[in-house]
Amino acid sequence: MKRLLSVILFAAITLGTSFISLAAGDVITQDSQEKSGQITVDYNAEVSYTVTIPASVTFTDSEKNIERPLEVKDVMMNEGSTLSVNVASLNNYQMRCGEGYIDYKIMMNYATALEENNRNILSVNSGEKSGWAILSFVTDLNKNNAKYAGNYTDTLTFTVVIN
């Protein structure tokens, strides 16, 4: 009984597959006016990318210039598009502790200092697979210019936009 059911199931699958294959394309016979047929062959490449932002930056009395990479890789997007990575500071590039603050700045690729919020720091154009930037976090921090004891912090938000 099991063998009979297996044979019937195999026959049903085989016939079903054959029927679907024949019904999916043009049928051309000796009586057909048109002796050619067309099919569409396609592939849909979805938009994708990986952006790796710095994990954290911790200044110390002896470490006042810290470099961190920003990397974009495995980029696939529509032709004519640009992927932009923007950064914004919660405290306008100041680490805060209560009423106290310590200024810092971010340099891009050892040159341009970020001064305004929501600033573009890296762009990758369509057709390019990757991009990178070196972010240098710089401060004049030391114990003497900290107004209060405590943990001075700021939050940076990195935003990815495709136009």
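Gly25 is partly exposed in this predicted model, with a relative accessible area of 30%, and lies in the loop that runs between helix 1 (2-24) and strand 1 (48-52). Along the chain, Gly25 and Gly37 are 12 residues apart, and in space their C-alpha atoms are separated by 7.8 Å. The protein that contains this loop has 163 residues, of which 26% count as buried, and its secondary structure comes to 1 helix and 9 strands.

**Overall organisation**

- Read from the N terminus on, the elements follow the order α-β-β-β-β-β-β-β-β-β.
- When contacts between residues at least 6 apart in sequence are considered, 73% of them join residues that are at least 24 apart.

**The largest nonpolar core**

- In soluble globular proteins, nonpolar side chains tend to be buried together.
- The largest nonpolar core of this model has 26 residues, and among these Val85, Ile121 and Leu135 touch the most other members.
- At least two residues of this core are supplied by each of strand 2 (65-76), strand 3 (82-89), strand 4 (94-97), strand 5 (100-108), strand 7 (119-125) and strand 8 (131-139).
- With its neighbours within four places in sequence left aside, Leu135 is in contact with Pro54, Ile66, Glu67, Arg68, Leu70, Ile106, Met107, Met108, Ile121 and Phe158.

**Ser84 and Asn86 on strand 3**

- Ser84 has its place in strand 3, and Asn86 is also placed in strand 3.
- Ser84 has a relative accessible area of 11% and is therefore buried, while Asn86, at 12% relative accessibility, counts as buried as well.
- The side chain of Ser84 makes a polar contact with the side chain of Asn120 at 3.4 Å, and the side chain of Asn86 makes a polar contact with the side chain of Asn120, also at 3.4 Å.
- Apart from its neighbours within four places in sequence, Ser84 is in contact with Asn120, Leu122, Ser123, Thr159, Val160 and Val161.
- For Asn86, with neighbours within four places in sequence again set aside, the residues in contact are Asn118, Arg119, Asn120, Ile121, Thr157, Phe158, Thr159 and Val161.

**Leu156 on strand 9**

- Leu156 is found in strand 9 and is partly exposed, its relative accessible area being 24%.
- Although Leu156 and Leu90 are 66 residues apart along the chain, their C-alpha atoms are separated by 6.3 Å.
- Once its neighbours within four places in sequence are left aside, Leu156 is in contact with Val87, Ala88, Ser89, Tyr93, Tyr104, Ile106 and Phe137.

**Two residues with positive phi**

- Tyr93, which is in contact with Leu156, is found in the loop between strand 3 and strand 4, and its phi is near 60°, a positive value in a residue other than glycine.
- At 4% relative accessibility, Tyr93 falls under the 20% limit and so counts as buried.
- Asn109 has its place in the loop between strand 5 and strand 6 (112-113), and its phi is near 50°, again a positive value in a residue other than glycine.
- The relative accessible area of Asn109 is 38%, and this residue is partly exposed, whereas Tyr93 is buried.

**The largest pocket**

- The volume of the largest pocket is about 540 Å³.
- Its lining is made up of 24 residues, and of these Val57, Thr58, Met95, Tyr152 and Asp154 lie nearest the centre of the pocket.
- By residue type, the lining of the largest pocket divides into 15 nonpolar, 7 polar and 2 charged residues.
- Strand 5 and strand 9 (156-162) each supply at least two residues of this lining, and strand 5 also supplies at least two residues of the largest nonpolar core.

Terms used:
Residues numbered from 1 in each chain as written. Predicted model: local features only at pLDDT ≥ 70, side-chain atom pairs only at ≥ 80, totals over all residues. Heavy atoms only, no water. Core = buried A, V, L, I, M, F, W, Y, C linked by side-chain atoms within 4.5 Å. Buried < 20%, exposed > 50% of the residue type's maximum accessible area, 1.4 Å probe, protein only. Helix = DSSP H or I, 4+ residues; strand = E, 2+ residues; numbered from the N terminus. Contact = heavy atoms within 4.5 Å. Polar contact = N/O pair within 3.5 Å; in protein donor to acceptor, adjacent residues only side chain to side chain. 1 Å grid on protein atoms, 1.4 Å probe; cavity = no way out; pocket = protein on both sides within 12 Å on 5 of 7 lines; lining within 4 Å. Points joined across faces, edges and corners; volume = space filled by probe spheres on them. Nonpolar A, V, L, I, M, F, W, Y, C, P; charged D, E, K, R; others polar.
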